Structure formats: structure tokens, C-alpha cells
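Please look through the sequence and the model below. The questions that follow go from one helix to the aromatic rings around it and beyond.

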Amino acid sequence: MSSPPTRRGLPGIDGRDREPGTAILSLDLGTRTGWALLGRDGSITSGSESFKPQRFEGGGMRYLRFKRWLTEVKQSADGLDAVYFEEVRRHAGVDAAHAYGGFMAQLTAWCEHHGIPYQGVPVGTIKKHATGKGNAGKQAMVAAMQALGFRPEDDNEADALALLLWALELHDAAQED
């Protein structure tokens, strides 16, 4: 279940209004994927989507559902200009590592197919940007996003929001050059 839109018309990080028209998606990949979307109207929506394998489906169906979901997000946003994802280099277990690899493979292939630029961002980079600490815990990430006025339903959504804010700062800096 996705959470409702979290904040409308988010101004630039430094307080100036952002140019409308850019659509950026950020993802915390996994069986429960956190997502945050900057819409072309400047609004930010976010949520958490479950891709848990269902009882009577084959092992690859979760990835097909993920790919279909990406297409639905792209259509609802009237296209995407960039996709950022949390780049995880160490997993707690083999199953998590396999799932992450499957989601990342689907995402990067889907982006290549649709001609959408994508970039993985290390977990520590996202955490440091959001909290000042590269090893911040899940609750610290949720608290950091709540302090900015968001209402993440879980740490996956909080991580996706933090990643989107990192990407927006990068995007804003590139626009100034």
C-alpha cells in the first residue's frame, strides 16, 4: 500500500523555487521497495511497494510485477528524466542479495530500454547527506525525513526520500553551471 502524497511544491534545498518540468524517481530497491518521485509540477510523492513473492507464482514473477510497476510510475509522471537507486554493497543475507541483484538488473535494463539515465548512489552517501552520519540507523533516517515535513511509513520510504533530496541538490547544482 502506498502512502498519500507527502508534500506539494517543495522549494529548492536553498529555499528558491525549483523549475517545473523535471521528473525524477528514486528507489530503495528490495522486496519492499521504497520510492520517491519528483513530479513535473514540482510535487513530491512517495511510498513503499511490496514485491513479496506470492503463493502460487514462479520466482521471476516478482520482477515482472516490479517492471510493470516502473512502467506505471513512468506513465503517471508523464515520463521520467532520471532514476536514482540506493547502491547496496553488503547484504545481511544471501536471499536479500539475490533479490537486490534481481531488482537492480530489472531496473537498469528497463532504464536502458526506455533511454532513461540512471545512477546508483552508495548507502553511506545518502545517510550522510540526510543525517550528517554515514552510518545512521533506520530510525535516524525516518526522523530526518520527518523533520523535513515528510511522513514516511517505513525506513524504505525514508531512504528513497533522502535519496531524492540528494539527487535534487545534485540536479540544482548542475543547473547553476
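**A helix and its aromatic contacts**

Q: Which elements do the buried residues of α1 pack against?
A: In this predicted model, helix α1 covers residues 61-76 and reaches 22 Å from its first C-alpha to its last, close to the 22 Å expected. Its buried residues are Arg62, Tyr63, Arg65, Phe66, Trp69, Leu70 and Val73. Seen down the axis of α1, these fall within an arc of 155°, so they line one face of the helix. The elements that this set packs against are β1 (24-28), β2 (32-38), β3 (44-50) and α2 (94-114).

Q: Which residue just after α1 takes a positive phi?
A: Helix α1 is made up of residues 61-76, and the residue asked for comes just after the helix. Its phi is about 60°, and the residue is Asp78.

Q: What is the geometry of the aromatic pair that Tyr63 and Phe103 form?
A: A search of the whole structure finds eight aromatic pairs, and Tyr63 and Phe103 form one with 5.0 Å centre to centre and 65° between the planes. Tyr63 lies in helix α1 and Phe103 in helix α2, so the pair ties together parts that are 40 residues apart in sequence. Both residues are buried. With planes over 60 degrees apart counting as edge-to-face, the geometry of this pair is edge-to-face.

Q: How many residues apart are Tyr84 and Trp166, which link distant parts of the chain?
A: The ring centres of Tyr84 and Trp166 are 6.1 Å apart with the planes at 75°, so this pair is edge-to-face. Tyr84 counts as buried because its relative accessibility is 11%, under the 20% cut-off, and Trp166 counts as buried at 15%. Tyr84 belongs to strand β4 (residues 82-87) and Trp166 to helix α5 (residues 155-176), and their separation along the chain is 82 residues.

Q: Is Trp69 buried or exposed?
A: Trp69 has its place in helix α1, and ring pairs link it into a cluster with Trp35, Phe51, Tyr63, Phe66 and Phe103. Since buried means under 20% relative accessible area, the 10% computed for Trp69 makes this residue buried.

Q: Which residues is Trp69 in contact with, leaving aside its neighbours within four places in sequence?
A: One partner, Phe51, is 18 residues from Trp69 in sequence, and their C-alpha atoms are 9.8 Å apart in space. Contact requires heavy atoms within 4.5 Å, and once the neighbours within four places in sequence are left aside, the residues in contact with Trp69 are Leu27, Trp35, Glu49 and Phe51.

How values were computed. Residues numbered from 1 in each chain as written. Predicted model: local features only at pLDDT ≥ 70, side-chain atom pairs only at ≥ 80, totals over all residues. Heavy atoms only, no water. Helix = DSSP H or I, 4+ residues; strand = E, 2+ residues; numbered from the N terminus. Expected span 1.5 Å × (residues − 1). Buried < 20%, exposed > 50% of the residue type's maximum accessible area, 1.4 Å probe, protein only. Arc of directions from axis to C-beta. Phe/Tyr/Trp six-rings, centres within 6.5 Å; stacked < 30°, edge-to-face > 60°.
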